[in-house]
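This briefing is for a reader who is new to the structure shown below. It covers surface residues, charged pairs, aromatic rings and strands, grouped by topic.

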Amino acid sequence: MKNILFLDLEVDGQSNIRDIGAWLDHSHFHDPDVKNFQLFLKTHASSFHFLCGHNIFHHDLPLLKSLLQDNELFKKHVIDTLYLSALLFPQHPYHKLVKDYKLVSEEPNNPVSDCKLTMRLFKDIIGGFQQLALLFKTLYFHLLKDIDFFKGFFIYLNENGLLQLIKASR
């Protein structure tokens, strides 16, 4: 998925960042050092227009904003798969990120693996949206396009030619 930086932070109970993971079109970052992450962002800033994560609005962004004031990262469009999962898959019993790499082992959370899982979920979300009836796509767009939790998603769909809507007739 081009133009999207997938991001995940692992945090201890004190809101201290333990590990940072990012995935960008087969490039990745995996390091707990925020300064190294800043260098990664500076190097790749022109490579992406979207920032995507699972629960990124309430978890990752507030922490990063407290550490990286005035960073170009915060000028990117944000896509949160948590909200989109709940919208497009209401039949699912929960919407947490299913970390299948942890099913067999006691491996700690791996933020790069979580980025890849988020990317897979985002692809499913796009597929789910594409399968909606045209009327529902149009309704969702008009109702949600200006709400922060959904705005980035609709901008992404539009920029990638995936936003087919019913034309309003007046």
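Leu-134 counts as partly exposed, because its relative accessibility is 32%, between the limits of 20% for buried and 50% for exposed. This residue is found in helix α5. The model is a predicted one.

**Nonpolar surface patch**

- Leu-134 helps to make a nonpolar surface patch of about 550 Å².
- The other residues of the patch are Leu-135, Phe-136, Leu-139, Leu-143 and Ile-166.

**Salt bridges**

- Side chains of opposite charge can pair when their charged atoms come close.
- The count for this structure comes to 5 salt bridges, including the pairs described here.
- Glu-72 and Lys-75 form a salt bridge in which the closest N and O atoms are 3.1 Å apart.
- Of these two, Lys-75 is exposed, with a relative accessible area of 62%, while Glu-72 is partly exposed at 43%.
- Lys-145 and Asp-146 meet through their side chains in a salt bridge of 3.2 Å, N to O.
- Here the lysine, Lys-145, is partly exposed with a relative accessible area of 26%, and Asp-146 is exposed at 55%.
- Asp-148 forms a salt bridge with Lys-151, with 3.5 Å between the closest N and O atoms.
- Both Asp-148 and Lys-151 belong to helix α6, where they are 3 residues apart, about one turn of the helix.
- Lys-151 has a relative accessibility of 31% and therefore counts as partly exposed.

**Aromatic rings**

- Across the whole structure, a search finds 14 aromatic pairs.
- One of them joins Phe-122 and Phe-153: the ring centres are 6.2 Å apart and the planes are at 80 degrees, so the pair is edge-to-face.
- Phe-122 lies in helix α4 (residues 111-131) and Phe-153 in helix α6 (residues 148-159), so this pair ties together parts that are 31 residues apart in sequence.
- Phe-122 and Phe-153 are both buried.
- Phe-141 and Phe-154 also make an edge-to-face pair, at 5.5 Å centre to centre and with 80 degrees between the planes.
- This second pair links distant parts of the chain, 13 residues apart, with Phe-141 in helix α5 (residues 134-144) and Phe-154 in helix α6.
- Phe-141 and Phe-154 are both buried.
- The four residues Phe-122, Phe-141, Phe-153 and Phe-154 belong to one aromatic cluster, together with Phe-6, Phe-50, Phe-129 and Tyr-156.
- A ring can also have a charge over it: the charged end of Lys-76 sits over the ring of Phe-48, 4.6 Å from the centre of that ring.

**Strand β1 and its partners**

- Where does strand β1 (residues 3-11) lie, buried or exposed?
- Of its 9 residues, 8 are buried, so strand β1 is largely enclosed by the rest of the structure.
- With strand β4 (residues 48-53), β1 pairs in the parallel sense over 4 bridges.
- Leu-5 stands opposite Leu-51, a residue of β4.
- With strand β2 (residues 17-24), β1 pairs in the antiparallel sense over 6 bridges.
- Asp-8 has Gly-21 in β2 as its bridge partner.
- A hairpin is formed by β1 and β2, with 5 residues between them.
- In the turn of this hairpin, Ser-15 has a positive phi of about 70 degrees.

Note on methods
Residues are numbered from 1 along each chain as its sequence is written. Side-chain values use heavy atoms; hydrogens and water are left out. Rings of Phe, Tyr and Trp (its six-membered ring) pair if their centres lie within 6.5 Å; planes under 30 degrees apart count as stacked, over 60 as edge-to-face and the rest as tilted. Helices (H or I, at least four residues) and strands (E, at least two) are DSSP runs, numbered from the N terminus. Buried means under 20% relative accessible area, exposed over 50%, partly exposed in between (1.4 Å probe, protein chains only). A charge sits over a ring if NZ of Lys or CZ of Arg is within 6 Å of the ring centre and within 35 degrees of the ring normal. Patches are made of residues with over 30% relative accessible area and no salt bridge: like charges are joined within 9 Å, nonpolar side chains (Val, Leu, Ile, Met, Phe, Trp, Tyr) within 5 Å. Accessible areas come from the Shrake-Rupley method with a 1.4 Å probe; for residues, only the protein chains shown count as cover. A salt bridge is a side-chain nitrogen of Lys or Arg within 4 Å of a carboxyl oxygen of Asp or Glu. Two strands pair if DSSP finds at least two bridges between them.
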